[in-house]
Amino acid sequence: MRWWGWGSDAHATRWPPAAERLLRDEIAWSPRATPPVALDDVALPTQGLSARARERLCDAVGDEHVRDDRLARVSHAVGRSYTDLLRIRSGDGSTAPDAVVAPADGPQVAAVLAACAGERIAVVPFGGGTSVVGGVETVRDEVAGAITLDTRRLTAPVGIDRASLLATLPAGLDGPAAEGALRAHGLTLGHFPQSYEHATVGGFVATRSAGQNSTGYGRVDELVRGLHLVAPAGEIDVAPVPASAAGPALRELLVGSEGALGVITRATLRVRRAPSATRTQAWAFPSFAAGAEAFRELVQAGRAPTIARLSDEHETRMTFGMAASDSPGRHAGRLLLRAAAGRAPCLAILAWEGDPRAVRLRAWAALRTLRTHGAVPLGSEAGTRWRAGRFQGPYLRDALLARGVLVETLETATTWSDLPALHAAVGDALRGALSDRGTPPLVACHVSHLYATGASLYFTAIARQEPGAELEQWRAAKEAATEAIVARRATITHHHAVGRAHAPWLEREIGATGLAALRAVKERLDPAGIMNPGKLLPAG
């Protein structure tokens, strides 16, 4: 990816004039150019690897796979959160590694970890670099140096067990490569997070990723059946058995371990037959509460669609306000406002995948529930357009960031009974924290992952940047929102992982004894404390 932003220049997105008008109206925005510094102007920490350490790493993977040039170090310095990009675009490369090391297989990973343990060098596993919680930056406390372990050479052949509908995928495959390998066999993983184009299989598993289709296919932690992890203390190979009573599940311990226990080199995941038909539709609900109630009934009755996304009134207004005047989205927006009859409508996107008959029957089965809760159909154009642009969000964020706009997201999940109160509490916390600093925000939210017992909430905050205090501006809002989440006993993260951003609140979610248990596991698997220090587990 671009060292200062998301993806590549070829896929960069420009905002339509309608979007600029919306931002002027909503947040009193005036464009302010905030370009990134030149690559040569990024300040990097002094190289910390000794000659002996570098030699050992070169012996492990080959000279050409140990890089310490400026571009390699800067490109692996941060993830892709708003605060990450603020720092790197301003020239702060203080979290860059001393070198980027790329092993090709499990034995090379083991050799790299052995060398780093012996030399007291921190190891930060890095796949696509899409972390938004500080999960891939270096923390140099109590170590002699730090490297990034780039997993993208871990690309062993894909193994297919068609009879069992299992696929063994190497950790270094990115989303499109993994899906392409499966589609060649008529299969799909069905895992499409917004980071899909760049994130890797190892990253999916290490962060308990969820995708836009996860209501239908399951989160990645539901898909993982087996995995292989290389830790400084040894290797763990979890077999992909369908079920087991052999004590607590090691698989559950390692999925979501965020590189703090070791390096995931491969995973065996449950796959499905690739769908031969897809139907995507847009609907308008009279309120967020009505839409949430319809979604609850659908999922509890076993009739949830493959994709179920419900925008609140603020996100709905933002979605259609930013659409070009001649686009299908703007046309659907006119239909939605007409259907709302003066109320604040809420947009829903529903999609069904499978064989043609199953898709038709499932969509028909949902119809009564949707209409009972006041939903009005908007047709397929807006839904199809959403699907076509569903990976564009980070590019749009970059375009705003370059013009003086704060735009960031956070997510959580809770029970159906507490969903309305949590939605209100987090929204109020974000609006209050940003308004207190003199920057009236646009705070929007959607539901995108359904469970029988509850759902996720995904918030987007947009505000004018506070010049000279951009980092503090968002950190205050993030802290206020997270405190609101913890106060209602919701989860601090539904699918972004813990990283550094959420680590201070982990003990309040899992308790002091739970945290001590995790620390004990880490001490056993990583006795030298070199694996992704500062992530997952809070300092102390």
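Me: Which residues of α4 are buried?
Reply: This is a predicted model, and helix α4 covers residues 82-89. Of its 8 residues, 8 are buried. They are Y82, T83, D84, L85, L86, R87, I88 and R89.

Me: What covers the buried residues of α4?
Reply: Helix α4 is mostly covered. Parts of the chain that lie within 4.5 Å of a buried residue count as contacts. What covers the buried residues of α4 includes α3 (70-75), α16 (393-401), β16 and α18.

Me: Which residue just after α4 takes a positive phi?
Reply: Helix α4 takes in residues 82-89. Just after it there is a phi of about 100°, and the residue is G91.

Me: In what order do the 7 strands of the open sheet stand?
Reply: Strands of a sheet pair through backbone hydrogen bonds, either parallel or antiparallel. In this open sheet the pairing is antiparallel. Neighbouring strands of the sheet are turned by 25° against each other on average, direction ignored. The order is β15-β12-β14-β13-β17-β18-β16.

Me: Which are the edge strands of this sheet?
Reply: An edge strand pairs on one side only. The order of the open sheet begins with β15 and ends with β16. The edge strands are therefore β15 (376-379) and β16 (405-415).

Me: Which residue of β15 stands opposite W283?
Reply: Strand β12, residues 277-285, pairs with β15 in the antiparallel sense. The two strands share 3 bridges. Opposite W283 stands P377.

Me: Which strands does helix α14 touch?
Reply: Helix α14, residues 356-372, packs on the sheet. Its direction makes about 155° with that of β14. The strands touched are β12, β14 (346-354) and β15.

Me: At what angle does helix α18 run to β16?
Reply: Helix α18 is made of residues 470-487. This helix lies across β16 and β18 (454-464). Its angle to β16 is about 10°.

Me: Is α17 roughly parallel or roughly antiparallel to α18?
Reply: Helix α17, residues 419-436, packs against α18 with the axes 8 Å apart. The angle between them is about 155°. Angles over 145 degrees count as roughly antiparallel, so α17 is, relative to α18, roughly antiparallel.

Me: Which residues of α18 meet α17?
Reply: The crossing of the two helices is right-handed. On the α17 side, the residues are L422, A425, V426, A429, L430, A433 and L434. An α-helix has 3.6 residues a turn, so residues three or four places apart point the same way. On the α18 side, the residues are Q473, W474, A476, A477, A480, A481, A484 and I485.

Me: At what angle do the axes of α2 and α5 cross?
Reply: Helix α2 is residues 51-61 and helix α5 is residues 106-119. Among the residues that meet are R52 and L57 in α2, and V112 and C116 in α5. The axes come within 8 Å, and the angle makes the helices roughly antiparallel. They cross at roughly 170°.

Me: Why is C346 in no bond with the sulfur of C445?
Reply: A disulfide is a covalent bond between the sulfur atoms of two cysteines. The two sulfurs would have to lie within 2.5 Å. C445 holds the cysteine sulfur closest to that of C346, yet this is too far for a bond, because the distance is 10 Å.

Me: Is C445 buried or exposed?
Reply: Buried means under 20% relative accessible area. C445 has 1% relative accessibility, so C445 counts as buried.

How values were computed
Residues are numbered from 1 along each chain as its sequence is written. This is a predicted model: local features need pLDDT of at least 70, side-chain atom pairs count only at pLDDT 80 or more; totals for chains, interfaces and linings use all residues. Side-chain values use heavy atoms; hydrogens and water are left out. Helices (H or I, at least four residues) and strands (E, at least two) are DSSP runs, numbered from the N terminus. Axes are lines fitted to C-alpha atoms, for helices over the stretch in contact, and angles run from 0 to 180 degrees between N-to-C directions. Buried means under 20% relative accessible area, exposed over 50%, partly exposed in between (1.4 Å probe, protein chains only). Angles under 35 degrees count as roughly parallel, over 145 as roughly antiparallel, 65 to 115 as roughly perpendicular and the rest as oblique. A crossing is left-handed if the near helix is turned anticlockwise from the far one by less than a right angle, and right-handed if clockwise.
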